[in-house]
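Here is the note on the model you sent round. The points are numbered so that you can reply to them one by one.

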Amino acid sequence: MNRIRLALVSAALALLSLAALPVLACTTAVFSGGASADGAPMLWKNRDTDFLSNKILFVEAAPFSYLALVNREDTCGRWVWGGLNEAGFGIMNSVGYNLPKHAGELKDLEGMIMADALRTCRTVDDFERFLQRGLGPSLGSLANFGVIDGGGRAALFELHNRGFQKYDAAEASEKYLVNTNFSRSGTPGEGAGYLRFERASALLKGAGPSRFTPAFLLGTMAKDLGHVLLRHPAPATLASLPAGEPRWIETSDTIDRSFTSAALVVQGRSPGSARPATLWVILGEPVCSVALPFWAEARSTPAEVREGADAALYLESKRLRQLARPYPESDRIEYLDLARLDNRDGTGFLPRLERVQSEILAETAEFLQSSRTPAELAAFQDRMAQKALAAMRAIQ
């Protein structure tokens, strides 16, 4: 196992050498069943990275196979940035820049940690034991990990090479925990992501108790362009913008950003329900794409999110992103033209994407009212991916 681990580390470092170091600055939250509308625990993550081309894979493994959000180069799913396994165990992460660091120790191996956890863990307690066994200079972590399991547990682990702090989401006053890029157990005032933390916390508080659903997280949260210090237009006002006049905003401190490669929600199993745990993923910048459901029981993912040098769904989201962010230079890429998203002439593309996403969410809820075979789950995934891709390609 050590030889395999070292080989994977070497391969990962080789991939990193081909591009700039990734921007690791995600916005996340862990929800206990007490905070969700249907009593199921959930995870949410907006993934921020320089590796914008992502895919969704199904990975055959033992004891547990799993679904994985991966970079385009990872064809085997051994470097994972969020996922769900067939036991109902889900995981995601964000970097905690204020956790203890030690010179000469390995770091930035969170993708490998999550792949190993998906392959071996059934419960939150399994994950805690997994971390205890791995502590040491070769663990390679400075991160906040959110996990849920099939028994309804939801927890946050703030992990560095020499230790971790665990927080049970059900014991939090709000029954959920928001995280960006600082850790509660780390050095106060250090780290990053405080503006995004405030914005996400305000949006969740404003939604009210027990109202959190995948639709809310994938729509309101993942696509949010608000700012806690600047006056960005509210979503409801975009439809009044003149079509021919750019309305620029700067998005380096918003939840949806130029380097948000995907958003995911892991929806756990509801008490007393036969509904399987679901991995929802928006592939590409959230305001430029559509959420899709995936199930480990389907034992596959659609070609539209998996095949090709770049997945077809990602390529369409990239095309739409270039409409709203026409300047690729490093000092202008964070400027987004809101009038390309929506305007009073009805030529913006965001309402069309939101309409398709709402249809997919509604069709999925109806589909899951009955027990489904793996073949039925796989066929439904394929239909929804085809629906989303067709809708995105129709936007000119």
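The points below cover the sheets, the salt bridges and a few single residues of this predicted model.

1. The first item is an open sheet of 6 strands, with antiparallel pairing and the order β10-β1-β2-β12-β13-β14. Its edges are formed by β10 (176–179) and β14 (291–294); each has a single partner strand, so one side of each is left without a neighbour in the sheet. On average, neighbouring strands here are turned by 15 degrees against each other, direction ignored.

2. Helix α4 (residues 194–207) packs on this sheet, where it touches β1 (27–31), β2 (42–48) and β10. The direction of α4 makes about 150 degrees with that of β10.

3. At the β14 edge, the pairing with β13 (residues 278–283) is antiparallel and consists of 4 bridges. Within this part of the sheet, W280 stands opposite P293 in β14.

4. The other sheet to check is an open one of 7 strands, in the order β3-β4-β5-β6-β7-β8-β9 and again with antiparallel pairing. β3 (54–59) and β9 are the edge strands, each pairing on one side only. The average turn between neighbouring strands of this sheet is 25 degrees, direction ignored.

5. Strand β5 (residues 83–85) pairs with β6 over 2 bridges, in the antiparallel sense. G83 has I91 in β6 as its bridge partner. Helix α2 packs on the sheet and touches β4 (66–71), β5, β6, β7 (142–148) and β8. Its direction makes about 165 degrees with that of β6.

6. Next, the charged pairs. Side chains of opposite charge can pair when their charged atoms come close. The structure holds 24 salt bridges. One of these joins E105 and R162, with 2.3 Å between the closest N and O atoms. E105 lies in the loop between β6 (90–95) and α2 (110–120), and R162 in the loop between β8 (154–160) and β9 (163–168), so the pair ties together parts 57 residues apart in sequence. E105 is buried at 14% relative accessible area, whereas R162, at 49%, counts as partly exposed.

7. Which residue forms a salt bridge with R321? The partner is E285, and the closest N and O atoms are 3.6 Å apart. R321 belongs to helix α6 (residues 312–324) and E285 to the loop between β13 and β14, so that distant parts of the chain, 36 residues apart, are linked. R321 counts as buried at 16% relative accessibility, and E285 is buried with a relative accessible area of 3%. Both residues belong to a network of salt bridges that links D256, E285, R321, R325 and E334.

8. T251 is found in the loop between β11 (248–250) and β12 (260–267). Is T251 buried or exposed? Its relative accessible area is 0%, so T251 is buried. Leaving aside residues up to four places away in sequence, T251 touches L225, D256, R257, S258, R325, E334 and L336. Among these contacts are D256, R325 and E334, which are members of the salt-bridge network.

9. A salt bridge between helices is formed by K387 and E359, whose closest N and O atoms are 3.0 Å apart. K387 lies in helix α9 (residues 374–393) and E359 in helix α8 (residues 350–367), so this pair ties together parts 28 residues apart in sequence. K387 is partly exposed, with a relative accessible area of 27%, and E359 is partly exposed with 34%.

10. R269 lies in the loop between β12 and β13 and is partly exposed, with a relative accessible area of 27%. R269 and F89 are 180 residues apart in sequence, yet their C-alpha atoms are 9.8 Å apart in space. Residues touched by R269 include A40, P41, E86, A87, G88 and G150, not counting residues up to four places away in sequence.

11. Lastly, the surface. V228, L229 and L230 form a nonpolar patch there, with about 270 Å² of accessible area together. L229 is found in the loop between α5 (214–221) and β11, and at 64% relative accessibility L229 counts as exposed.

Methods: Residues numbered from 1 in each chain as written. Predicted model: local features only at pLDDT ≥ 70, side-chain atom pairs only at ≥ 80, totals over all residues. Heavy atoms only, no water. Pairing = 2+ DSSP bridges. Axes fitted to C-alpha atoms, helices over the stretch in contact; angles between N-to-C directions. Contact = heavy atoms within 4.5 Å. Buried < 20%, exposed > 50% of the residue type's maximum accessible area, 1.4 Å probe, protein only. Salt bridge = Lys/Arg side-chain N within 4 Å of Asp/Glu carboxyl O. Patch = residues over 30% accessible without salt bridge, like charges linked within 9 Å, V, L, I, M, F, W, Y side chains within 5 Å. Areas by Shrake-Rupley, 256 points an atom, 1.4 Å probe, with all protein chains shown as cover.
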